[in-house]
Amino acid sequence: MVARALWLTVRPLWFTMLAPPLYPSDPVLRLENVTLGYGEFTVLRDISLEVLRGQVVAMMGGSGSGKTTLLRAATGQLVAKSGTVEVFGQNLAHADRAKIESLRQRMGVLFQQGALFTDLNVFENVAFPLREHLHMKPAKLLERVLDKLNAVGLRAAAHLKISQISGGMARRVALARAVVLEPELVLYDEPFAGLDPISMGITARLIRHLSDKLGCASIVITHDVAESFAIADQVYLVGQGVMKAHGTPATLGTSADPYVQQFLQGQADGPVAFDYPETNAFQSWLAMQRGQR
Ligand SMILES: Nc1ncnc2c1ncn2[C@@H]1O[C@H](COP(=O)(O)OP(=O)(O)OP(=O)(O)O)[C@@H](O)[C@H]1O
Ligand SMILES: [Mg+2]
């Protein structure tokens, strides 16, 4: 409390004018009682979570449970049906397009289908966000990009075409691109997808390393229990349209909740849903199909 009062007193005037007052230990991302969905289809309801600076948070859940939907809410691509979404202390419901764009520049995103630009080489793929958003001198840009490629072990692959690198290397290039603007929050959507067990371990350690080095917060959306538990400070588990559980990897590991246990142990039978739920839209589509035959 004392530290907070001191910060509020001594922070420079320009800081107050330029940015919402964000105390260093304030959450980088905060969701409170948020409901998310598409049209009439509600994917998640009553979701609350907090991500602090320096934390690696794993967001887990079965396929179709709403993890990517949560990412879209955090980046302002999807407006919450109800509840509060705050990024860097700014309520997204009160932010216009320009404000959301400026908040987006403080975030790095590794998209689930994070395709690289195949007409650009490795270097230019990573340099792309810098060229888009910052006016850097060429020598400085070169050093920044090489530094990020170095962090993912691909400094010497800078000149290669995308068609000349493997799938796992492409994932690492996308990782370097996600952090090249040195963001305060990085969202990784399925960073381990399609990687062999060794590359998975290396990528997980890399995410932890980048978080610690840049001092940013990281959200890792994944199905992979072993890799995410090894690096996460906090784990959130979504399922059945709600937040089923959250805590440290250790507390979640000892949870008696059957849903948590089925998910963590990858069992085929249990409460984790496999079938996509039937909606009114599906029923009308089916009725139309049957009517046509
Ligand atoms: N643009 C969209 N319009 C309508 N429904 C959507 C849209 N995007 C996703 N959905 C639906 O929202 C639900 C959650 O999808 P989401 O992509 O968030 O799941 P996920 O947890 O990321 O799954 P996965 O692990 O397979 O990537 C799914 O039922 C999906 O069909
Ligand atoms: Mg997804």
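Which element gives the most to the shell around ligand 1? In this predicted model, helix α3 does so, with three residues. The account below starts from that ligand shell, moves to the nonpolar core and a helix that packs on its buried side, and ends with some backbone features.

The chain as a whole has 12 helices and 10 strands. Buried residues account for 33% of its 293 residues. Among contacts between residues at least 6 apart in sequence, 65% join residues at least 24 apart. The mean pLDDT of the chain is 86, and 88% of the residues reach 70 or more. Residues 1-20 have a pLDDT below 50, and beyond near neighbours in sequence this stretch has nine contacts in the model.

The shell around ligand 1 consists of 13 residues, of which Tyr38, Ser63, Lys67, Thr68 and Thr69 come nearest. By class, the shell divides into eight polar residues, four nonpolar and one charged. Strand β2 (41-51) and helix α3 (67-74) each supply at least two of its residues. Tyrosine 38 belongs to strand β1, which spans residues 29-38. Is tyrosine 38 buried or exposed? Tyrosine 38 counts as exposed because it has 11 C-beta neighbours inside 10 Å, and the cut-off for that class is 12 or fewer. Tyrosine 38 also lies 9.7 Å from alanine 80, C-alpha to C-alpha, although 42 residues separate the two in sequence.

Away from the ligand, attention turns to the nonpolar interior. In soluble globular proteins, nonpolar side chains tend to be buried together. The largest nonpolar core of this model contains 68 residues, and Met59, Val126, Ala176, Leu187, Val220 and Tyr236 touch the most other members. Helix α7, residues 167-179, gives the most to this core, with seven residues. Valine 220 illustrates how distant parts of the sequence meet: leaving aside neighbours within four places in sequence, valine 220 is in contact with Val56, Ala58, Met59, Tyr188, Pro191, Ile207, Ser228 and Ala232.

Helix α11, residues 258-265, offers a view of how a helix can present two sides. Its buried residues are Val260, Phe263 and Leu264. Seen down the axis of α11, these residues fall within an arc of 95 degrees, so they line one face of the helix. The face turned away from the buried side carries the exposed residues Pro258 and Gln265. Which elements do the buried residues of α11 pack against? Their partners are the strands β3 (56-61), β9 (234-239) and β10 (242-247), together with the helices α9 (225-231) and α10 (249-253). Just after α11, glycine 266 takes a positive phi of about 60 degrees.

Positive phi values also occur at residues other than glycine. Most residues other than glycine have a negative phi. Glutamate 182, in contrast, has a positive phi near 50 degrees, and this residue lies in the loop between α7 and β7 (185-189). Glutamate 182 counts as partly exposed because it has 16 C-beta neighbours inside 10 Å. Glutamine 240 likewise has a positive phi near 50 degrees. The position of glutamine 240 is in the loop between β9 and β10, and with 14 other C-beta atoms within 10 Å this residue is partly exposed. Both strands bounding that loop, β9 and β10, are among the elements against which the buried residues of α11 pack.

Terms used:
Residues are numbered from 1 along each chain as its sequence is written. Chains are lettered from A and ligands numbered from 1 in the order in which they are written. This is a predicted model: local features need pLDDT of at least 70, side-chain atom pairs count only at pLDDT 80 or more; totals for chains, interfaces and linings use all residues. Helices (H or I, at least four residues) and strands (E, at least two) are DSSP runs, numbered from the N terminus. A residue is buried if 20 or more other C-beta atoms lie within 10 Å of its own, exposed if 12 or fewer, and partly exposed in between; C-beta atoms are placed from the backbone. A residue is near a molecule or strand if its C-beta atom, placed from the backbone, lies within 6 Å of it. Ala, Val, Leu, Ile, Met, Phe, Trp, Tyr, Cys and Pro count as nonpolar, Asp, Glu, Lys and Arg as charged, and the others, Gly among them, as polar. pLDDT is the predictor's confidence in each residue, from 0 to 100. Two residues are in contact if their C-beta atoms, placed from the backbone, lie within 7 Å. A nonpolar core is a set of buried Ala, Val, Leu, Ile, Met, Phe, Trp, Tyr and Cys residues joined through C-beta atoms within 7 Å. The arc is that of the directions from the helix axis to the C-beta atoms.
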